[in-house]
Amino acid sequence: MNGKSKKTTFLILLAFLACFNRVYANKKINPLDDKLVAYRYTMHLDSALFYFNKALPIALQAKDSITIFYLYKHLGDAYEHHKYIDSTFRMYNICERYIPVNNYKLKSFLLNDKAYTYTLLYDYDKAAELTLQALELAEKSGDKREVASASISVAEGFSTMNLNKQAEQYYQQSITVAQSAKDTGMLSYSYRYYGVHLLKNKQWQQAFLNLTKAKDISILLKDSISLAFVWHHLADYYWNFKQTDSCFYFAKKAEGVWERRAEYIDVSAVCMQIGSFYLQLNNYKEAALYFKKSEKFIDDDPNTREQLFVALAELYNKTGNTKLAFDYLLKAKKTADDSKEKESTAKVMSLRIKFEADQKEIEIQKEKEQRTLAYLDSKNKTSQRNIVFVVLFF
């Protein structure tokens with residue numbers, strides 16, 4: 001065997017070993033990452049951190065950049081769930097380092113999630129900017145699922161700002177792209193989000209049509225989470241038409257799914273919904289049971305808390321317990337005041353994050369300029385030295 005053949009064999013062996021190591025590493029990482037994903041949206045942030053710290057060294061040793069990306073992304077999601085927004089952005093910024101240069105799909109995916117995080121800081125301008133960038137990158141990637149997903153995000157942004165004409169355009173785009181890709185899972189999401197938008201704008205029949213399509217696909221895919229969301233919104237549709245049997249049937253089905261999966265924020269939302277229905281029917285006993293259950297699982301979102309406290313104040317006022325009614329009204333007012341304060345703090349935090357990002361960009365630019373100047377200086381010195389050598393030679 002000559003030298004060239006030996007080198008080729010050696011390179012093939014190295015490639016095989018690298019591939020084997022990656023496969024072996026993934027077998028060890030995947031169960032850990034699954035655990036991280038399972039804990040990221042629960043109250044157990046410490047468990048999410050535990051599985052992240054177990055999986056990361058293996059992924060780093062295997063030099064598997066995509067796996068490393070997802071580990072940081074999932075931990076960022078966990079921090080976001082616990083409202084640690086600084087830590088969320090820190091994780092997402094680390095994610096960027098591990099995205100391959102031409103992987104526009106991953107870039108779009110990350111930008112989309114960053115946009116949502118900015119909405120938590122009430123920075124809707126930045127969120128809109130990032131979702132539009134995400135859509136542009138998704139289209140560049142040619143990945144139809146990512147295009148459909150980014151289109152939903154852009155549509156949701158326009159819907160939030162009550163720019164319904166623009167929202168409609170992007171909801172329809174999401175549906176069309178998902179249909180062309182024959183991506184039934186994404187199509188289900190597109191129909192559901194569009195249905196909720198239509199529901200919000202009291203376009204009842206179109207809302208029902210889209211939610212029903214989402215329901216049928218979710219049943220076919222056995223996607224219990226999507227089904228629970230559809231049932232939750234269908235309950236509002238049936239309530240509007242005074243079809244109380246159907247209304248309670250779907251709301252309680254959603255409650256069952258979320259309770260079994262320990263999705264406590266969603267349990268709280270649907271219990272508040274059911275409690276409100278009972279309150280309007282003057283069934284105070286059932287209303288109290290569901291409001292209390294909602295209060296048990298409610299998260300720290302001030303708008304949701306204020307809504308629940310106002311409902312409880314109304315319940316106790318109707319049942320003649322004026323002291324409790326007054327207490328909950330005070331709680332609602334305090335929550336509203338806290339909400340304004342949090343919004344103000346969030347805006348300051350958003351500006352600080354923007355400032356830090358701008359400063360980082362300035363530093364990167366300075367480093368580039370310094371490297372360029374150093375290179376030119378070195379080149380000039382080399383050129384001068386060569387001239388001297390030539391002159392001395394002659």
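How many salt bridges does the count come to? In this predicted model, the count comes to 14 salt bridges. The close-ups below visit a few of them, then move on to the nonpolar cores, two cysteines and an aspartate in a loop.

**View 1. Lys105 and Asp143 meet in a salt bridge.** Look for the two side chains with N and O sitting 3.4 Å apart. This pair ties together distant parts of the chain, with the two positions 38 residues apart in numbering terms. Lys105 belongs to helix 5 (residues 104-120), while Asp143 sits in the loop between helix 6 (124-141) and helix 7 (144-160). How accessible are they? Lys105 is partly exposed, at 37% relative accessible area. Asp143 is partly exposed too, at 21%.

**View 2. Glu295 and Lys292 pair up within helix 14.** Here the closest N and O atoms of the salt bridge are 3.2 Å apart. Both residues lie in helix 14 (residues 284-297), and three residues separate them in sequence, which is about one turn of the helix. Lys292 has a relative accessibility of 36%, so it counts as partly exposed.

**View 3. Lys323 and Asp327 form a salt bridge in helix 16.** The closest N and O atoms are 3.2 Å apart. Why are the two residues separated by about one helical turn? Because they are four residues apart in helix 16 (residues 322-393). Lys323 is exposed, with 61% relative accessible area, whereas Asp327 is partly exposed at 27%. Elsewhere, salt bridges with shared partners join Arg40, Lys73, Asp77 and Asp113 into one network.

**View 4. Phe291 is one of the best-connected residues in the largest nonpolar core.** That core has 64 residues, and those with the most contacts inside it are Ile274, Phe291 and Leu312. Helix 11 (residues 224-240) supplies the largest share, nine residues. Now zoom in on Phe291. Setting aside neighbours within four places in sequence, which residues is Phe291 in contact with? They are Met272, Gly275, Ser276, Leu279, Leu308, Ala311, Leu312 and Leu315. In soluble globular proteins, nonpolar side chains tend to be buried together.

**View 5. A second nonpolar core stands separate from the largest one.** This one has 25 residues. Among them are Leu36, Leu45, Phe52 and Ile68, so those four make handy landmarks when you look for the core.

**View 6. Cys247 and Cys271 are both buried.** Cys247 has a relative accessible area of 0%, so it counts as buried. Cys271 comes out as buried as well, at 0% relative accessibility. And how many disulfides does a search of the whole structure find? The search finds zero.

**View 7. Asp183 reaches Arg145 through a polar contact.** Asp183 is found in the loop between helix 8 (164-180) and helix 9 (184-200). Is Asp183 buried or exposed? With a relative accessibility of 17%, Asp183 counts as buried, because the cut-off for that label is under 20%. The side chains of Asp183 and Arg145 are joined by a polar contact of 2.7 Å. Leaving out neighbours within four places in sequence, Asp183 is in contact with Arg145 and Ala178.

Conventions. Residues numbered from 1 in each chain as written. Predicted model: local features only at pLDDT ≥ 70, side-chain atom pairs only at ≥ 80, totals over all residues. Heavy atoms only, no water. Salt bridge = Lys/Arg side-chain N within 4 Å of Asp/Glu carboxyl O. Buried < 20%, exposed > 50% of the residue type's maximum accessible area, 1.4 Å probe, protein only. Core = buried A, V, L, I, M, F, W, Y, C linked by side-chain atoms within 4.5 Å. Contact = heavy atoms within 4.5 Å. Disulfide = S-S within 2.5 Å. Polar contact = N/O pair within 3.5 Å; in protein donor to acceptor, adjacent residues only side chain to side chain.
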